[in-house]
Amino acid sequence: MRKATPIWKVVLAIFSLLLTVLVWQRGLEESFDRPSVTPTLSLNQHEMALLASPALPESVRPSLVGIDPEGALKKVLLDIPMEKLDDRQKLLLAALESSKQKRNTILKGTFNKESYRKLKNILLDNLDKQSDSFKELNSIKNQGIDKLLYRASCLQIGRAQSFCIDNKVSNSMALKLLSIQLFPAFASLIGIGLLIRNGWLFIRKTNTLWPNSAYLPFSLIDMVLLVAGGFVILGEVITPIFIIPLSDVLTSAISSPVKESVKVFLGYGGMAIPSLVILRRQLNRLQTIERPEGGWFQWGIKPINKSIFQALRALLMTMPIVLLISWTVNRIWGDQGGSNPLLEMVLQGNNFWALFLLFVTTVFMAPLFEELIFRGVLLPALVKENGKTFAVLISGFIFALAHLSVGELAPLFVLGVGLGSLRLSSGRLFPCVMMHSLWNGITFFNLILLGT
C-alpha cells in the first residue's frame, strides 16, 4: 500500500508547478526580444561562399555557392537595416556596390578604425590614380581589413582577379564550406534510409521489441518537485541570485572572453546542483527497495561500442526530421529569434580557453545533466503512468520548453522525441548522453567553422 503523501509536499509541488508555468511563460516571451544568431550565420555562410567560389569546380559551384555568390551576399547585407550595420559590413557592402552614388550613401558617417577610414577614401575614389588606390589598399592590408574585405575592395578599384584573390584562402574556405554543407546532407540521406528501413520493419512487424525500462518508484509529486522545484525554481531562478555575484568575484582578475566563458561554466554548474541534491535525497529513501538490474538509471555504459553505434544511429535518424522541421517553421513563421546566447559566444569566439570552457559546458556537462533528469528520471516515470508513446512526447515537450526559446521550440521537441525513443529502444541511458553530446558537438564545430 502506497504511503500517503504529506500535505506540505503537495502544497509545495503545486506552488512549484504554478511558478514554473509563470517562469517559462515569461522566458518564452522574453526570447522574442533576444537576438537571433540566424542572420549572423546566414551572413557568415554567404561570405564563406564568396571566398570559396574560385576554388570550386564550375560543375559543382552553382549547387554549393549559387550562381551569383557576390549578389547573394550583397542582398543579405541590404536586408540588414543600415543603422545596424557595423563599420566592416558597411565597407563590404560599399565594395560590392557598383553605383558610385549608392557607395557614397553607404559610406556616410565616420569610421573608428584608421584602416577603415583609409579604405573608405579608397572606395569613395578620393585618390587621383588607380595605382595609388591599389598601393594604399596594400598598405592597410594587415591593419584591420580581412581577406574578404580586401578582395571586394581590390576588385572594386578595377584590379584583376589574379591580384585580388588569395588562392590559399579560397581553398581553405572551400574545405570549410564542404564540411558545413555536405556532412548534414550526407548524414540526412543515411538517416532517411534508416527511417525507411525502420518503417518497413514496423509495417512487417519484424522490428525488435523495446526492452522493459526500469523506473524510479517516485510519485508524480516527486517528479514535480524535482523538475519544477529543483530544475526550474531553484536552478533557474534562485541559484543565479547567488551564482552571478560569486562568479563576478571569482572572475574579477580574468579578462574577456575567458571571463564570460567561466561565468557560463559556473552558472550551468550552479543551476544543476539543486536538482542533483533533491534527486540524491529522493534516492536515499529507496535504500530499502531492491534496485533493478543495471541500477535505477540503467546507464548501460558497457559495451561502449554498442553505445556509440546506438547513439550514431539515432542521431542520423533524428537529424533529417529536425532539419525539415526547422526549415518548415522558418518558411512559415520566419526567424522567431531567441537563440541561445551560447551560440553567439561560440560563433564570435577567438580564444582557445574561452572556447574550451564552452565546449566542456555544452558537449559534456549539459548532455550529462539534462539526460539524467529528462530521460533518466522523468521519462521512465511517465512511461509507468501513461505508456511509452505519450511519455516520449510529453518528456520531449518539457525538454524543449526548458530551453526557453520560441524559435528553437519545434526542433528541440523533435530532438527530445528522438532522445526519448533512443532511451526506450536501447533500454539504456548512456547512449542518450552520447547522442546529445554528439548533437551539441556537431553544432559547436559548425559554429566555429562559420565564425572563422
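This is a short walk through one predicted model, from its overall build to its disulfide, its cavity and one of its pockets.

Hi everyone, thanks for making time. Please keep in mind throughout that we are looking at a prediction.

Let's begin with the whole chain. The chain has 452 residues, and buried ones make up 45% of them. As for secondary structure, the chain has 19 helices and zero strands. If you lay the model along its principal axes, the C-alpha atoms fill a box of roughly 95 × 55 × 35 Å. Now take the contacts with a sequence separation of 6 or more: residues 24 or more positions apart account for 76% of them.

Next, helix H1. This helix runs over residues 7–31, which gives it 25 residues. From first C-alpha to last, H1 reaches 36 Å, close to the 36 Å expected at 1.5 Å a residue. Which residues of H1 are buried? Going along the helix, they are Lys9, Ala13, Ser16, Thr20, Trp24, Gly27, Leu28 and Ser31. And what do these buried residues pack against? Their partners are helix H12, residues 220–250, and helix H17, residues 388–401. Do hold on to H17, as that helix comes back later in the talk.

Now for the cysteines. Searching the whole structure turns up one disulfide. The bond joins Cys154 and Cys164, with the sulfur atoms 2.0 Å apart. Cys154 sits in helix H9 and Cys164 in helix H10, residues 161–164, so the disulfide ties together parts that are ten residues apart in sequence. What is its handedness, then? The torsion about the S-S bond is about -70°, so this disulfide is left-handed. Is Cys154 buried or exposed? Its relative accessibility is 0%, and because the cut-off for buried is under 20%, Cys154 counts as buried. Cys164 has a relative accessibility of 4%, so it counts as buried too. One more cysteine for your notes: Cys432, at 0% relative accessibility, is also buried.

Cys164 leads us nicely to the empty space inside the model. The structure holds one cavity of 30 Å³ or more, and its volume is about 70 Å³. Cys164 is one of the residues lining this cavity, along with Leu51, Lys147, Tyr150, Arg151, Ile165, Asp166, Val169 and Ser170. Helices H9 (147–156) and H11 each give two or more residues to that lining, and the largest share, three residues, comes from H9. By type, the cavity lining divides into five nonpolar residues, one polar and three charged.

Finally, let's turn to a pocket, the second largest in the model, with a volume of about 1200 Å³. How many residues line this pocket? The count is 30, and those nearest the centre are Asn198, Trp210, Arg313, Met317 and Ser425. The elements giving two or more residues to the lining are H11 (167–204), H14 (304–333), H17 and H18 (409–426). So which helix gives the largest share? That would be H14, with eight residues. The pocket lining divides into 15 nonpolar, eleven polar and four charged residues.

Let me tie two threads together before we stop. H11 gives residues to the lining of the cavity and also to the lining of the second largest pocket. H17, which I asked you to remember, packs against the buried residues of H1 and contributes to the pocket lining as well. That's my tour, thank you all for listening!

How values were computed: Residues numbered from 1 in each chain as written. Predicted model: local features only at pLDDT ≥ 70, side-chain atom pairs only at ≥ 80, totals over all residues. Heavy atoms only, no water. Helix = DSSP H or I, 4+ residues; strand = E, 2+ residues; numbered from the N terminus. Expected span 1.5 Å × (residues − 1). Buried < 20%, exposed > 50% of the residue type's maximum accessible area, 1.4 Å probe, protein only. Contact = heavy atoms within 4.5 Å. 1 Å grid on protein atoms, 1.4 Å probe; cavity = no way out; pocket = protein on both sides within 12 Å on 5 of 7 lines; lining within 4 Å. Points joined across faces, edges and corners; volume = space filled by probe spheres on them. Nonpolar A, V, L, I, M, F, W, Y, C, P; charged D, E, K, R; others polar. Disulfide = S-S within 2.5 Å.
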